[in-house]
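Trainee: Could you take one loop of this model and look at it closely, then work outward from there to the parts around it and the rest of the chain? I would like one connected account rather than a list.

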Amino acid sequence: MKPLASPADRPGPIFIAGVGVLLPAARLLTRFDHHGQANLPASGGALIVSNHVSNYDPVVLGAFLVENGRWPHWMAKKELFDVPVVGFVARHADQIPVDRKAPGPEILAAARRELIRGMTLVIYPEGTITADPLHWPMTGHTGAARLAMDTGVPVIPVGQWGPQEVMGYKDMTFPRVFPRRTMHLHCGPAVDLAQFRGRSNDQQAVREATERIMEAIDSQVELARGETAPDSRFDIRTGQRVPKDSLRRCR
């Protein structure tokens, strides 16, 4: 395991204990096919953006980050912090509470502060496990783009494929670990968002930056799947596919 890339990632004992149990178990029960470790920043805050195919893929992504000196932090709805045991773990693992009833900018305020401080923050821009019948990344929410535009931290795209064989799409049943499956993960270079810096109030710029992030994730998912992504994207709100060209423009 590499040294910490950022002091803000320094984990507490609960976090360390959890990883000490989950990481060896994940390595024992599945194979890791990880690529692109060199694309993780050596220091400072980082925003990790990934596709979401299974309730198991946070384990795979978390293992990849921890083994490379970046301890991951997720944004979680604040109600979870009041749940016995779950809330205790979330607080002591330095996860970020989100008030979903707050105005948009306030939802991201805590994440913005932590990124500036040097934290490694993981966001699934789709907002949920993919509902695309083809299982490619769907249309993205704009939170990751806004955080990047406001803070200037590097946005690192990750593509995963294989976790859905352990726990299926929307499947919360006991993990299927036999036969032993391979978890494919590709981590790409930082997304170039320089032209959008400081423009988080410009809706067209936000949309363009969001789709640029999603296309960077697509590129890594293509490597993980060994397939070419379609030229349209599934929109969970309408149940329809949307041409990617149209997503680069403000709708």
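Mentor: Start with His-135, which is found in the loop between strand 5 (120-123) and helix 6. Keep in mind throughout that this is a predicted model. The backbone at His-135 has a phi near 70°, a positive value in a residue other than glycine. The relative accessible area of His-135 is 24%, so this residue counts as partly exposed, the buried class being under 20%.

The next residue to look at is Trp-136. The charged end of Arg-225 sits over the ring of Trp-136, at 4.0 Å from the ring centre. Arg-225 also lies over the face of Trp-161, where the distance to the ring centre is 4.1 Å. Arg-225 therefore meets the criterion for a charge over a ring, a distance within 6 Å and a position within 35 degrees of the ring normal, with Trp-136 and with Trp-161.

The loop leads into helix 6, and the packing of that helix comes next. Helix 6 (residues 143-151) packs with helix 5 (residues 109-117), the axes being 10 Å apart and the angle about 50°. Because this angle belongs to neither the parallel, the antiparallel nor the perpendicular class, helix 5 and helix 6 are oblique to each other. Their crossing is right-handed.

Within helix 6, take Asp-150. With a relative accessibility of 30%, Asp-150 counts as partly exposed. Its C-alpha atom is 29 Å from that of Lys-2, and the two residues are 148 apart along the chain. Met-149 gives a shorter link: the C-alpha atoms of Met-149 and Ser-200 are separated by 5.8 Å, although their positions lie 51 residues apart in the chain numbering. Ser-200 is placed in the loop between strand 7 (181-187) and helix 8 (203-225). Ser-200 is buried, since its relative accessible area is 11% and the class takes values under 20%.

Further along the chain, Ser-246 lies in helix 9 (residues 244-247). The side chain of Ser-246 reaches the backbone oxygen of Pro-243 at 2.7 Å. A relative accessible area of 19% puts Ser-246 in the buried class, because the cut-off is 20%.

Now go back towards the N terminus, to helix 2. Of its 11 residues, 8 are buried, so helix 2 is largely enclosed by the rest of the structure. Among the buried ones are Asp-57, Val-60, Phe-64 and Val-66. Gly-62 and Ala-63 are buried as well. Just after helix 2 comes Gly-69, with a positive phi of about 80°.

What aromatic pairing does the structure contain? A search of the whole structure finds 1 aromatic pair. The partners are Phe-15 and Trp-71, with ring centres 5.2 Å apart and planes at 90°, which makes the pair edge-to-face. The pair links distant parts of the chain: Phe-15 is in helix 1 (residues 13-29), while Trp-71 is in the loop between helix 2 (57-67) and strand 3 (72-77), 56 residues apart. Phe-15 is buried, at 11% relative accessible area, and Trp-71 is buried too, at 7%.

Helix 1 also holds Ala-17. Unlike a buried residue, Ala-17 has 45% relative accessibility and therefore counts as partly exposed. From Ala-17 to Ala-42 the C-alpha distance is 24 Å, for a sequence separation of 25 residues.

On the other side of the aromatic pair, the chain enters strand 3, where His-73 is found. The relative accessible area of His-73 is 0%, so His-73 is buried. The C-alpha atoms of His-73 and Met-119 are separated by 7.6 Å, with their positions 46 residues apart in the numbering.

To return to the starting point, His-135 keeps its partly exposed place in the loop that runs from strand 5 to helix 6.

Conventions. Residues are numbered from 1 along each chain as its sequence is written. Side-chain values use heavy atoms; hydrogens and water are left out. Rings of Phe, Tyr and Trp (its six-membered ring) pair if their centres lie within 6.5 Å; planes under 30 degrees apart count as stacked, over 60 as edge-to-face and the rest as tilted. Helices (H or I, at least four residues) and strands (E, at least two) are DSSP runs, numbered from the N terminus. Buried means under 20% relative accessible area, exposed over 50%, partly exposed in between (1.4 Å probe, protein chains only). A polar contact is a pair of N or O atoms within 3.5 Å; within protein, one must be able to donate a hydrogen and the other to accept it, and residues adjacent in sequence count only if both atoms are side-chain atoms. Axes are lines fitted to C-alpha atoms, for helices over the stretch in contact, and angles run from 0 to 180 degrees between N-to-C directions. Angles under 35 degrees count as roughly parallel, over 145 as roughly antiparallel, 65 to 115 as roughly perpendicular and the rest as oblique. A crossing is left-handed if the near helix is turned anticlockwise from the far one by less than a right angle, and right-handed if clockwise.
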